[in-house]
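This report goes through salt bridges, strand pairing and helix packing in turn. The sequence and structure come first.

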Amino acid sequence: MKAFLLCPGQGAQRLGMGKDLAERFPAARDVFGAVDDALGFALSRIMWEGPESELTRTHNAQPAILAHSLAVHAVLRDRLEPVGAAGHSLGEYSAYTALGAMTLEDGVRLVRRRAELMLVAGEQRPGAMAAVLGLDADDVTTICREVSNGSGVVVAANMNAPGQVVISGDTATVARAAVALTTAGARRVIGLKVSGAFHSPLMEPVLVEFLPELERVALRDPPVPVVANATAEPVRDATTARQRLGEQLMAPVRWVESMQAAASMSHGAAFVEIGPGNVLTGLLKRIVDGAKTVNVATAADIDRMG
């Protein structure tokens, strides 16, 4: 099957994720074992046994989602012929790792370190994120700019779908923006349970510490293009991949434009979401009319593929 791979981001984690895959498929079991070995502790136990409060912590959730995506891909590898890939935030790392542009060991360690730094940044300068429903991205961006001031900042961080934008920034400024956005006609503004203001200027300390980690990892040219969050453009070489992975820490996730770019290069391929949940499949259907989608998270999903 020709496939454009979609890899989910933080928030898709769920207790028990991947356990059925490990029980049924040796290739998936090998992935989870390799992830545990690379990290030096049993992340798989946290994924399957919890507690859920531990799984949802940023530094566990991010590598857990990557591990699940890689396990699904390992089972499907011989059935899929990728024509491209994209991942939402941390999912961009899953995409490069699944395609072999970086090793599993490097991918999971890098994502774990990224998440640890994001967690610390959120503790040192608390931030917030909120989903804005019912306003377009340009209006949200303008209002965020208007309410930001010298004591606080808020930005449009994720352009997820038409009428669905996530804002991110200092806690008080996000609250002020929520009032302004509601006044401007937003249907709802929903606070998100996150440990920091991701994809905003509050992540600058993370970028400073993370870039040397990113530089140390061996990256190869991906065998097919990966659409970058930060630019919504296809990346075909390792040098650009490294640059875009660094940029995305502070840059907005331009998911609508990314999926439009993906549709233009998919050449009739199915969009296959690999990993927990089906959020990206749902967003894609709102962005690209008539997109052929397949969501694969469980052993039952694999059975349905035939």
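The side chains of E209 and R113 form a salt bridge, with N and O 4.0 Å apart. E209 belongs to helix α10 (residues 204-216) and R113 to helix α7, so this pair ties together parts that lie 96 residues apart in sequence. The model is a predicted one. Both partners count as partly exposed: E209 has a relative accessibility of 47%, and R113 has 29%.

A second salt bridge in this region joins E116 to R112, and its closest N and O atoms are 3.2 Å apart. Here both residues sit in helix α7 (residues 104-124), four residues apart, or about one turn of the helix. R112 is buried because its relative accessible area, 16%, falls under the 20% cut-off. E116, at 25% relative accessibility, is partly exposed. These pairs belong to a network of salt bridges that links R112, R113, E116, E209, E213 and R216.

R254 and E257 also form a salt bridge, at 2.7 Å between the closest N and O atoms. R254 is partly exposed, with a relative accessible area of 26%, and E257 is likewise partly exposed at 36% relative accessibility. In the whole structure, a search finds eleven salt bridges. Three of them are listed below.

| Salt bridge | N to O distance |
|---|---|
| E209 and R113 | 4.0 Å |
| E116 and R112 | 3.2 Å |
| R254 and E257 | 2.7 Å |

The strands come next. Six strands make up an open sheet with mixed pairing, in the order β8-β7-β2-β1-β9-β10. Its edge strands, each paired on one side only, are β8 (234-235) and β10 (293-296). Helix α6 (residues 91-98) packs on this sheet and touches β1 (2-7), β2 (81-87), β7 (226-227) and β8. The direction of α6 makes an angle of about 155° with that of β2. At the β10 edge, strand β9 (residues 270-274) pairs with β10 in the parallel sense over four bridges. Within this pairing, F271 has T293 in β10 as its bridge partner.

Strand β3 (residues 127-133) has seven of its seven residues buried, so the rest of the structure largely encloses it. Both of its faces are covered. On one side the buried residues are G127, M129, A131 and L133, and on the other they are A128, A130 and V132. Strand β3 runs antiparallel to strand β5 (residues 164-170), to which seven bridges join it. In that pairing A130 stands opposite I167. Strand β3 is also antiparallel to strand β6 (residues 188-191), with four bridges between the two. L133 has R188 in β6 as its bridge partner.

The last topic is a pair of helices. Helix α2 (residues 26-39) packs against helix α5 (residues 58-76) at an angle of about 150°, and the two axes are 8 Å apart. The crossing of α2 past α5 is right-handed. On the α2 side the contact is made by A27, A28, V31, F32, V35 and L39. These meet P63, A67, H68, L70, A71, A74 and V75 in α5. By type, the residues of this contact are twelve nonpolar, one polar and no charged.

Note on methods
Residues numbered from 1 in each chain as written. Predicted model: local features only at pLDDT ≥ 70, side-chain atom pairs only at ≥ 80, totals over all residues. Heavy atoms only, no water. Pairing = 2+ DSSP bridges. Contact = heavy atoms within 4.5 Å. Axes fitted to C-alpha atoms, helices over the stretch in contact; angles between N-to-C directions. Buried < 20%, exposed > 50% of the residue type's maximum accessible area, 1.4 Å probe, protein only. Left-handed = near helix turned anticlockwise from the far one by under 90°. Nonpolar A, V, L, I, M, F, W, Y, C, P; charged D, E, K, R; others polar.
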